[in-house]
Structure formats: structure tokens, C-alpha cells
Amino acid sequence: MDHITLAGIRATPLSVDEVIDAVGEPRVGGTAFFIGTVRDHDHGRGVSALTYSAHPSAEAEMRRVMEKVVADTSEDGRPVWKVAALHRVGELRIGDIAVVVAAAAEHREEAFAACRRLIDDIKAEVPIWKHQVFDEGDAEWVGAC
């Protein structure tokens, strides 16, 4: 059984419902989600524009991260049944959904742990970069890895 039901980098708006559908499973007793949205500030400064870029290997790296999270969080015999993740690229507006991840497990404890680990590891290891422009006109790149 493939535990990774959805892994994607998209230039179009992300669907939370698509992620919910991807992790549905009769054996699941708990599903945890994280939805990351574009905020209007960073480091105490106003943000006026934001663009995400991804390396061509980003989707494959996302899948690798997801496989490791499933393996590591299922070691105690209480498996994580399904995981899903989508990340947006391109120009986003304040309030847009930038990333959605979900983990579904037999119990809530494993679902929460896997979801937390999934978003943390995607941010740390998948080659996706954020370019944000501040209200004053200066900009910065923030690397995911």
C-alpha cells in the first residue's frame, strides 16, 4: 500500500478538500492537517508581495521526505496510514494558501506527530524558496533548505 496519496508542487490555488479526500481511509481514527497561509508581515515588517520558487527536484524530494516521515512515525506498530502534501509556487497574495499537509493514522497521537514532522521536514529539506517584498520596497529570499 502506498502511504503517500498526494505529493505535489502547483502553480494554481491549492484545494484543502483535495488533501482531505486524499487521506480518507476506513482504518483512520485521526487526521491532522496543517494549512500555511501568506501573512502580511514577517520579522515585524509589512509584506507587500510574495513569490515561491521550487527546484525541479522539489516534488521528488517532497516524496522522499514523506516516505521517511511515514517510516519513522510508524515504528511503534501504530502506523500512519496516509500522508498528503501540496505546496504552491508562483506569485501569491496575502491570505493565499501556500502549503497544505495532512497525516492520517489509527490514533490522533500518531496523526499529530506525523503532520508536525511532515511540515517541519518539508520546510527544512525540500528545495522551495520564498521571495518576499517588504512594504518599504526591499526584498529577501528565504530558503527552505
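**View 1. Glu25 in the loop between helix 1 and strand 2 of the predicted model.** Glu25 belongs to the loop that lies between helix 1 (16-22) and strand 2, and its side chain is joined to that of Arg27 by a polar contact of 2.9 Å. Although 79 residues separate Glu25 from Ala104 in sequence, the C-alpha atoms of Glu25 and Ala104 are 8.0 Å apart in space. Arg27, the partner of Glu25 in this polar contact, also lies over the face of Trp81, at 3.5 Å from the ring centre.

**View 2. Helix 3 and the elements that cover its buried residues.** Helix 3, formed by residues 108-125, has 18 residues and reaches 25 Å from its first C-alpha to its last, which is close to the 26 Å expected at 1.5 Å a residue. The buried residues of helix 3 are Glu110, Ala111, Ala114, Cys115, Leu118, Ile119, Asp121 and Ile122. An α-helix has 3.6 residues a turn, so residues three or four places apart point the same way. What covers the buried residues of helix 3 includes strand 2 (30-37) and helix 2 (58-73), together with strand 5 (80-88) and strand 7 (97-105).

**View 3. Val65 of helix 2 and its contacts.** Val65 has its place in helix 2 and counts as buried because its relative accessibility is 2%, under the 20% cut-off. When residues up to four places away in sequence are not counted, Val65 touches Asp121, Ile122, Glu125 and Val126; of these, Asp121 and Ile122 are themselves buried in helix 3. Val65 and Arg117 lie 52 residues apart in sequence, while the distance between them in space is 9.6 Å, C-alpha to C-alpha.

**View 4. The surroundings of Asp42 in strand 3.** Asp42 is found in strand 3, which spans residues 41-42, and is buried because its relative accessible area of 8% is under 20%. The side chain of Asp42 is joined to that of His43 by a polar contact of 3.4 Å. Leaving aside neighbours within four places in sequence, Asp42 is in contact with Val47, Lys130, Gln132, Phe134 and Glu140.

**View 5. Arg45 over the ring of Phe134.** The charged end of Arg45 sits over the ring of Phe134, at 4.0 Å from the centre of that ring, and Phe134 is also one of the residues in contact with Asp42. Aromatic pairs, by contrast, number zero in the structure.

Terms used
Residues are numbered from 1 along each chain as its sequence is written. This is a predicted model: local features need pLDDT of at least 70, side-chain atom pairs count only at pLDDT 80 or more; totals for chains, interfaces and linings use all residues. Side-chain values use heavy atoms; hydrogens and water are left out. Helices (H or I, at least four residues) and strands (E, at least two) are DSSP runs, numbered from the N terminus. The expected span of a helix is 1.5 Å times one less than its number of residues. Buried means under 20% relative accessible area, exposed over 50%, partly exposed in between (1.4 Å probe, protein chains only). Contact means heavy atoms within 4.5 Å. Rings of Phe, Tyr and Trp (its six-membered ring) pair if their centres lie within 6.5 Å; planes under 30 degrees apart count as stacked, over 60 as edge-to-face and the rest as tilted. A charge sits over a ring if NZ of Lys or CZ of Arg is within 6 Å of the ring centre and within 35 degrees of the ring normal. A polar contact is a pair of N or O atoms within 3.5 Å; within protein, one must be able to donate a hydrogen and the other to accept it, and residues adjacent in sequence count only if both atoms are side-chain atoms.
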